[in-house]
Amino acid sequence: MQFLRGAEHIIHAGDIGAPEILDELRKVAPVTAVRGNNDRGTWARAVPSTADVKVEEVAIHVLHDIAGLHLQPRFRVVVSGHSHKPIVQERDGVLFVNPGSAGPRRFSLPVALGELKISGASVRARIRELR
């Protein structure tokens, strides 16, 4: 969790694994999280499938599987998970970010997270590999 110290807000794009993960993240900063296809059980039903959050002047849409995206034009950033493949890509003025997986290694993909640097209406994204 040390890599999250100093974060002003944490976004989790699903496949949380257990409610305790969210509890730990909330000790660091406010959390916006969505349910992933691997999140099951009573606790997971309380986690929304999509979420919208505004950080400063930047509107962010969060969903687990990018295939379910329908409303991108009104958002500056779309954060998704599902593939666990870290990527930052800008298309038509929308910044698409898949932070990867900060938990156990998935397939042969790096253990990583995404970082958004927001100042007013300006946003930059990068992927940080953890191991």
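How many bridges join strand 6 to strand 7, and do they run parallel or antiparallel? Five bridges join them, and the two strands run antiparallel. The legends below describe close-ups of a predicted model.

**View 1. Strand 6 and strand 7 form a hairpin.** Strand 6 covers residues 87-91. Strand 7 covers residues 94-98. Two residues lie between the strands. One residue to find in the turn is D92, which has a positive phi of about 50°. Next, look for R91, which stands opposite V94 in strand 7. R91 also has a partner of another kind: its charged end sits over the ring of F96. The distance to the centre of that ring is 4.0 Å.

**View 2. Strand 7 is mostly covered.** Five of its five residues are buried. V94, F96 and N98 point one way from the strand. L95 and V97 point the other way. Both sets are buried. A general pattern helps in reading this view: in a regular strand, side chains alternate between the two faces of the sheet.

**View 3. Strand 5 pairs with strand 7 and with strand 4.** Strand 5 spans residues 77-79. Three bridges join strand 5 to strand 7, and these strands run parallel. Here V78 has F96 of strand 7 as its bridge partner. Strand 4 and strand 5 also pair in the parallel sense, over three bridges. In that pairing, I60 is matched with V77 of strand 5.

**View 4. Strand 4 is largely enclosed by the rest of the structure.** Why is strand 4 described as enclosed? Strand 4, residues 58-63, earns that description because five of its six residues are buried. Strand 3, residues 50-55, pairs with strand 4 in the antiparallel sense. Six bridges make up this pairing. Pick out D52 and its bridge partner H61 in strand 4. The two strands form a hairpin with two residues between them. In the turn, E56 has a positive phi of about 55°.

**View 5. Strand 8 and strand 9 form another hairpin, with G120 in the turn.** Strand 8 runs over residues 112-119, and strand 9 over residues 122-129. Eight bridges join them, in the antiparallel sense. E115 is one residue to trace across the pairing: its bridge partner in strand 9 is R126. Two residues lie between the strands. G120 has a positive phi of about 65°.

**View 6. H84 is a buried loop residue.** Which loop holds H84? H84 is found between strand 5 and strand 6. Its relative accessibility is 6%, so H84 counts as buried. The side chain of H84 makes a polar contact with the side chain of D15, at 3.0 Å. A polar atom of the H84 side chain also lies 3.3 Å from the backbone oxygen of H82.

**View 7. L130 follows strand 9 and is partly exposed.** The relative accessibility of L130 is 26%. L130 counts as partly exposed because that value falls between the 20% and 50% cut-offs. Leaving aside residues up to four places away in sequence, L130 touches F3, A102, V111, A112 and L113. S101 is 29 residues from L130 along the chain. The C-alpha atoms of L130 and S101 are separated by 9.7 Å.

Methods
Residues numbered from 1 in each chain as written. Predicted model: local features only at pLDDT ≥ 70, side-chain atom pairs only at ≥ 80, totals over all residues. Heavy atoms only, no water. Buried < 20%, exposed > 50% of the residue type's maximum accessible area, 1.4 Å probe, protein only. Helix = DSSP H or I, 4+ residues; strand = E, 2+ residues; numbered from the N terminus. Pairing = 2+ DSSP bridges. Contact = heavy atoms within 4.5 Å. Polar contact = N/O pair within 3.5 Å; in protein donor to acceptor, adjacent residues only side chain to side chain. Lys NZ or Arg CZ within 6 Å of the ring centre and 35° of its normal.
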